[in-house]
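Here are some exercises to work through with the model open on your bench computer. Try each task before you read its solution.

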Amino acid sequence: MVNRSEQENIRREKLKEIQKLGICPYPATTFPVNFWANQIESQYSENQSVVMAGRLMSRRIQGKASFAELMDSTGKVQVYFNRDEICPSEDKTLYNTVYKRLLDIGDIIGIKGYLFTTKVGVKTVFVKCFTLLSKSLRPLPLPKIDADGQVYDSFEDPELRYRQRYVDLIVNPKVKQIFKTRTKITGLIREFLNEKGYCEVETPILQSIPGGANAKPFVTHHNALDIPMYLRIANELYLKRLIVGGFEGVYEFAKDFRNEGMDRLHNPEFTVLELYVAFKDYFWMMQTTEQLMEHLTLRLFGSTKVSIGHQEIDFKAPYPRISLFDSIAQQTGIDISEMDEQELIKTTKTLKIDVDKHVGSAKLIDAIFSNYCEKEFQSPTFIINHPKSMSPLTKEHRDNPNLTERFELYVAGNEIANAYSELNDPIDQYHRFKSQVALSDKGDDEAMLLDQDFLRALEYGMPPTSGIGIGIDRLVMLLTNETSIQEVLFFPQMRPE
C-alpha cells in the first residue's frame, strides 16, 4: 500500500474531477510559447500579445480576479486572471471550478494574453485564456515568511536537495544559476581551446585495462566477449595514442569513475578536461593554464579578481612556482627529498599521519603534502617537480633524474589541475609500469596496470608532448564559491534510500 499525505490524496481527487470535466490533465500538444519571464523588463511593450507557459508558484484570489506568479525556465512573472475575461459566457466553470478550486501551486499551465502595467507599477500579463499542461500531484516545499520576516519550511536539507534535485531546482533559484554557470564555464573552455585549433574527441569509457591514473576502478563484465571490463579512471592513455597518430592537440571532457570514498571533494563519477598538445612541455602548459584561468575569470566576472570564501583571489598571471619538496620543508621543517620508504614511514609517524605502511613512497609523500601543505596555497600556485615514484607517466626532469616535469595547480587549498611533460620513452615507460605492478603485488589496489598496447603505441614514436587534466567539478566549485562537490553535480552519488 502506498502511503500518501493528505495533500497528495486531495490532489489526486482534483485530478479525477478535472478528467470528469473532459479536460486532459496531461495533453499531448505543442504549446506555442513566444515570450519568457526574463523578457518582461527588457522587451516590455504595453498591450503586446504574448504566449507563455510555466509553473504556478503563488496565487492571490480575490473573488472574480486573481494575481498569480508563473515561473518558467528563465524566472518569474506576475499574471492576472479575470473571471469575465476567461469566461465571457454565462458558464464560469473554467474560472470558478478549474482555476480557483482544482488548480494547485506547482501545476504547469500555458497562458495567452497581453502585457500591461498595474496601478502600483508592476509589469504583468493579463490572461485571456489558459490551458492545463501538467497536473502536479505532490505539493512543493515552498518556504513561508511570517510577519516578522522569518522564513520557515525552506527546502535546505542537503540529503533531500541532492536526492530530489528536481525539487531543489524549482524552489531554490540559486541552484539553477550554479548549473548555468557550469555550462558557461565548459563553453568558455571549449572556446579557448578551439581558437587554438585543438580537436575535441571522444575516447572509450568502457576499457579492458584501466589506466592513466592511480585509482581503484569499477569492474563489470562483457558477456559477449566473456571478459572483465572497467569503467575508465582516466582518458590519458587514449588521448596520447591520438598524439602518436598525428593529432597536434586533442582534448576531451571526460566522465571518469573511481571506486573510492565520497566527501565534499570526491564523487565516484566526475568530470575532467584532459588536453594533450604535441611539441610542448610543462613550462608551456603552465603559461597556457594561466591564460585559461585569466580567460575564464575575465569572461565570467569582468575581472581576474574573484571572491572565494572570505577572501579575494587574483587569477592574473604569473603564478608562483614551488617544488613539492620545498613546500613540505617549509611547512614541516623536514627535508624528505633524499628519504627512502622506511624513512618516510618514520616521518609520517613523527608527523602523526596515519598511513598504511604498504602503500609505497609515492603515497607516503602525498600524505605528508596533503596533511601539511595543501591548505596553505590559497592564491593560484603551481606545485612542481614531483619525484618519479609519484609520476609514472611523466618525463624525467631535464636537470634532476630523480624528479619529473610535473605540476599541480592549487587554488583556495584544493588541487584544480595536474599536468606533465609526458613520458614518451617506451623503455622507460615499461620500467615505470613494472614498478606499478610491484606496488600492486604488495597490496596497493590503486596501482596502475601494465598496458601493452599503450607501450606499443609509444614504440611507434610519440613527439614531445605536454598534457593536463583539470577537474571540472572542482573548477566549478571554485568559480561559483561552493565548498561541496555535491552542489555542482546535478545528481551526486547517494546511499540508497
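**Exercise 1. A pair of strands**

How many bridges join E14 to strand E15 (residues 311-314), and do they run parallel or antiparallel?

Solution. One note before starting: this is a predicted model.

Step 1. Look at the pairing. E14 and E15 run antiparallel, and four bridges join them. Within this pairing, Ile308 stands opposite Gln311 in E15.

Step 2. Look at the connection. The two strands form a hairpin with two residues between them. Gly309, in the turn, has a positive phi of about 65°.

Step 3. Follow the side chains along E14 (residues 305-308), where they alternate. Val306 and Ile308 point to one face and are buried. Lys305 and Ser307 point to the other face and are not buried.

**Exercise 2. An open sheet and a loop residue**

Find the sheet that contains E9, E10 and E11, and say in which order the strands come.

Solution. Step 1. The order is E9-E11-E10, in an open sheet of three strands with antiparallel pairing.

Step 2. Identify the edges. Strand E9 (206-207) and strand E10 (219-222) are the edge strands, and each pairs on one side only.

Step 3. Inspect one pairing. E9 and E11 run antiparallel and are joined by two bridges. Here Gln207 stands opposite Tyr230 in E11.

Step 4. Now move to the loop between E9 and E10, where Phe218 lies. Is Phe218 buried, partly exposed or exposed? With a relative accessible area of 26%, Phe218 is partly exposed.

Step 5. List the company Phe218 keeps. Leaving aside neighbours within four places in sequence, Phe218 is in contact with Met229, Tyr230, Leu231, Phe257, Arg258, Asn259 and Pro268. For a sense of scale, pick Tyr95, which is 123 residues from Phe218 along the chain: their C-alpha atoms are separated by 56 Å.

**Exercise 3. Two helices that cross**

Describe how H7 and H15 cross, and work out which residues meet there.

Solution. Step 1. Start with the geometry. Two packed helices are described by the angle between their axes and the distance between the axes. The axes of H7 and H15 come within 10 Å and cross at roughly 120°. The crossing is right-handed.

Step 2. Name the residues. From H7 come Ile178, Thr181, Arg182, Ile185, Thr186 and Ile189. They meet Ile472, Asp473, Leu475, Val476, Leu479 and Thr480 in H15.

Step 3. Sort them by class. The contact of H7 with H15 has seven nonpolar, three polar and two charged residues.

**Exercise 4. Salt bridges, buried and partly exposed**

Compare the surroundings of three salt bridges: Arg182 with Asp473, Asp256 with Arg232, and Glu396 with Lys388.

Solution. Step 1. Recall the principle. Side chains of opposite charge can pair when their charged atoms come close. A search of the whole structure finds 33 salt bridges.

Step 2. Take Arg182 and Asp473, whose side chains meet at 2.7 Å, N to O. This pair links distant parts of the chain, with Arg182 in helix H7 (residues 173-195) and Asp473 in helix H15 (residues 472-480), 291 residues apart. To judge burial, apply the cut-off of under 20% relative accessible area. Arg182 is buried because its value is 14%, and Asp473 is buried because its value is 3%.

Step 3. Take Asp256 and Arg232, with 3.2 Å from N to O. Asp256 lies in strand E12 (residues 249-257), and Arg232 is in the loop between strand E11 (227-231) and helix H8 (236-244), so the pair ties together parts that are 24 residues apart in sequence. Both partners are buried: Asp256 has a relative accessible area of 0%, and Arg232 has 2%.

Step 4. Take Glu396 and Lys388, with 2.6 Å from N to O. Glu396 counts as partly exposed at 32% relative accessibility, and Lys388 counts as partly exposed at 26%.

Step 5. Look for shared partners. Lys14, Asp104, Asp107 and Lys135 are joined into one network by salt bridges that share partners.

**Exercise 5. The whole chain**

How many helices and strands does the protein chain have, and what percentage of its residues count as buried?

Solution. Step 1. The chain comes to 15 helices and 20 strands.

Step 2. Of its 497 residues, 49% count as buried.

Step 3. The C-alpha trace spans about 90 × 50 × 50 Å along its principal axes.

Key: Residues are numbered from 1 along each chain as its sequence is written. This is a predicted model: local features need pLDDT of at least 70, side-chain atom pairs count only at pLDDT 80 or more; totals for chains, interfaces and linings use all residues. Side-chain values use heavy atoms; hydrogens and water are left out. A salt bridge is a side-chain nitrogen of Lys or Arg within 4 Å of a carboxyl oxygen of Asp or Glu. Buried means under 20% relative accessible area, exposed over 50%, partly exposed in between (1.4 Å probe, protein chains only). Axes are lines fitted to C-alpha atoms, for helices over the stretch in contact, and angles run from 0 to 180 degrees between N-to-C directions. A crossing is left-handed if the near helix is turned anticlockwise from the far one by less than a right angle, and right-handed if clockwise. Contact means heavy atoms within 4.5 Å. Ala, Val, Leu, Ile, Met, Phe, Trp, Tyr, Cys and Pro count as nonpolar, Asp, Glu, Lys and Arg as charged, and the others, Gly among them, as polar. Two strands pair if DSSP finds at least two bridges between them.
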